[in-house]
Amino acid sequence: MTSSTDLPWWKTAVVYQIYPISFFDSNGDGVGDLNGITSKLDYLKDLGIDVLWLCPIYRSPLADMGYDISDYLDIDPRYGTLEDWDNLLKGTHERGMKLMMDFVANHSSDEHEWFKESRSDKSNPKRDWYIWRPPRYDSSGKRQPPNNWKSIFQGSAWEYDEKTEEYYLHLYLAKQPDLNWDNAEVRDAVWKLMKFWLDRGCDGFRLDAINVLSKVEGLSDAPVAVPDEPYQNASMCFANGPRIHEYLKEMNENVLSKYDLITVGETPFTYDKEEIAAYVLPQNKEFQMAFQFGLSDIDSPLEGEDVAPLIYKPWKLSDLKDVICQWQTFKRDEGFWNAVFTENHDIARSVSRFGDDSTDEWRTRSAKRLALLQVTQSGTQFIFQGQELGLKNFPRTWGIEEYKDAASQNFWNKTLAKRTDTSVGAKFEMSDVLDNFVKKARDHARVPMQWNASSNAGFTTGTPWMRVSEDYNTWNAENQVKDENSVRAFWKRLLEIRKENDVLVAGDFEELVHDHERVFAYVRRLRHQVALVVLAFGNEDVTIQLDSLSLPWSSLKLEAGNYHNKGEVPISDGKLELKGFEGGIKQQQGIFVGDRPLIRLNCVPIEVLY
């Protein structure tokens with residue numbers, strides 16, 4: 001076993017993301033809360049979690065589910081009180097875990113006191129704390145927004161204020177006005193907010209949309225990519241802007257560097273590796289890791305008229321390989337570190353995207369294979385609530401009324417309005433939109449957690465804020481904790497193995513058989529340890545030729561698998577025969593064989609028979 005004592009604690013950590021409103025309701029009001037999280041700390045500790053990441057729990061109108069903050073220094077009453085947060089922190093620390101917060105720096109709620117002052121009068125001292133501009137007028141004299149930027153949630157990125165007769169910028173919802181980071185007073189105020197939570201005991205931050213703080217000078221129009229649309233994708237005008245690194249270095253110098261923290265920044269609209277590296281490389285002194293969007297957007301169109309995260313684009317295994325391989329090998333010698341994830345609150349369930357959820361058998365096996373894919377990657381592990389249970393997307397039979405997310409509702413309404421305008425009274429079809437939503441909507445990650453087979457999946461004794469998936473009678477935490485063959489038990493075992501073997505945390509990465517569209521294979525190496533991982537995609541059997549490998553096959557021991565019993569090795573005549581979504585980990589003196597994976601000590605090229 002390789003010691004992990006030479007790695008910073010946050011590099012070996014397993015982070016569990018909690019979406020508080022949907023995690024566990026302790027008081028029967030239908031909404032998850034802080035005391036509900038506290039009551040589940042033993043469940044999380046038993047799974048192997050090191051850090052809890054809470055999505056926003058600050059006071060908020062919940063226009064964007066808490067990412068619209070009206071008071072950064074208090075807990076929303078829906079979730080509890082500051083005292084409840086203190087109790088959660090205490091319980092977390094007593095169990096040897098840490099607690100990180102989600103911090104939203106780009107925008108506040110329009111109900112925040114800062115914005116109320118800002119919009120009250122043009123001469124108010126806080127007017128320049130947000131981004132205000134006078135209107136433009138077209139050739140007919142009609143008032144228009146200051147530029148053609150499209151909001152990430154549809155429509156113009158500008159909202160007109162009747163009282164002061166100017167527009168304010170909101171990259172997201174109109175209820176989320178952007179802060180003016182060019183104003184040093186704003187930056188100083190943000191540092192104080194961050195220090196409030198760190199001094200209270202918070203162990204780190206996930207920094208929401210952190211790369212959009214700096215906008216292009218002059219706020220010029222975005223290029224016109226869709227001529228018949230009044231507003232255009234403007235990410236090139238606000239992502240990775242001209243002063244972004246100045247701001248983040250200042251944040252690090254004034255706040256982050258003064259504490260022993262875990263920090264990860266969300267960096268949307270950014271696919272260039274060098275741009276991501278500028279935030280993460282240690283010598284740049286900004287933050288430790290970035291959530292890059294390559295895997296999140298693998299099934300989304302990124303150019304043309306259909307640029308939208310809610311439109312489904314078929315993907316290939318080679319696409320997935322390209323994303324993972326480029327980040328696993330990127331600037332390792334310079335200290336670049338990955339944030340490894342396949343799920344979060346902004347993307348649909350991984351077993352529905354990258355596996356097969358058509359039957360319970362395929363769902364179980366493919367969920368375990370995806371666990372192996374994630375756990376055998378280098379970087380800090382991030383698991384989203386319910387991922388450890390193999391939870392899937394809710395069914396196509398659910399109507400638009402079940403989709404609560406503002407992004408889903410806005411996209412639906414825009415599409416409906418556009419089709420209504422062009423239908424001239426004819427019946428318009430929207431089933432294709434729901435076909436996309438069932439694959440892509442963020443709502444799938446946000447349904448209540450499935451704790452047991454009681455009413456409402458044990459999430460609440462009241463009426464849940466969002467509909468509970470119908471499969472909770474069989475797919476729930478209570479059942480899986482008791483079942484040694486469950487998806488959760490598999491995750492728990494994999495996390496134990498990862499913590500015992502640093503080759504899976506920090507080993508070098510080399511891909512094999514890149515062009516094969518059914519097998520993803522790679523090698524991990526660290527000092528005396530070498531691991532070969534072979535992952536089969538699809539529910540058809542695959543045979544891998546192994547007779548060219550000089551390994552002590554008879555002494556390999558299966559530690560965890562989703563087909564074979566402990567100790568079995570499915571090898572015959574030098575061939576490893578793998579069933580649909582088969583998975584396992586074998587170990588001997590640093591040797592592993594994993595999921596349709598095979599992890600081994602001395603590795604040579606393999607031949608895949610197909």
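## Close-ups of a predicted model

**View A. Tyr168 is tucked away in this predicted model.** At 3% relative accessibility, Tyr168 falls under the 20% cut-off, so the residue counts as buried.

**View B. Tyr168 has a ring partner, Trp132.** The structure holds 37 aromatic pairs. In one of these, the ring centres of Trp132 and Tyr168 are 5.5 Å apart and the planes meet at 70 degrees, so you're looking at an edge-to-face pair. Trp132 belongs to strand β6 and Tyr168 to strand β10 (residues 166-169), so this pair ties together parts 36 residues apart in sequence. What about Trp132: buried or exposed? Trp132 is buried too, with a relative accessible area of 7%.

**View C. Trp132 also has a charged neighbour, Arg127.** Look over the face of Trp132 and you'll find Arg127, 3.6 Å from the ring centre. Elsewhere, Lys11 does a similar thing: its charged end sits over the ring of Trp337, 4.6 Å from the centre.

**View D. Here's a cluster of rings.** Which residues do the ring pairs link? Among them are Tyr58, Tyr72, Trp85, Phe103 and Trp114, along with Trp129, Phe196, Trp197 and Phe205.

**View E. Asn124 sits in a loop.** That loop runs between α5 (113-120) and β6 (132-133). Being in a loop doesn't leave Asn124 out in the open here: Asn124 is buried, with a relative accessible area of 18%. Its side chain makes a polar contact of 3.4 Å with the side chain of Ser120. Leaving aside residues up to four places away in sequence, Asn124 touches Glu117 and Ser118.

Terms used:
Residues numbered from 1 in each chain as written. Predicted model: local features only at pLDDT ≥ 70, side-chain atom pairs only at ≥ 80, totals over all residues. Heavy atoms only, no water. Helix = DSSP H or I, 4+ residues; strand = E, 2+ residues; numbered from the N terminus. Buried < 20%, exposed > 50% of the residue type's maximum accessible area, 1.4 Å probe, protein only. Polar contact = N/O pair within 3.5 Å; in protein donor to acceptor, adjacent residues only side chain to side chain. Contact = heavy atoms within 4.5 Å. Phe/Tyr/Trp six-rings, centres within 6.5 Å; stacked < 30°, edge-to-face > 60°. Lys NZ or Arg CZ within 6 Å of the ring centre and 35° of its normal.
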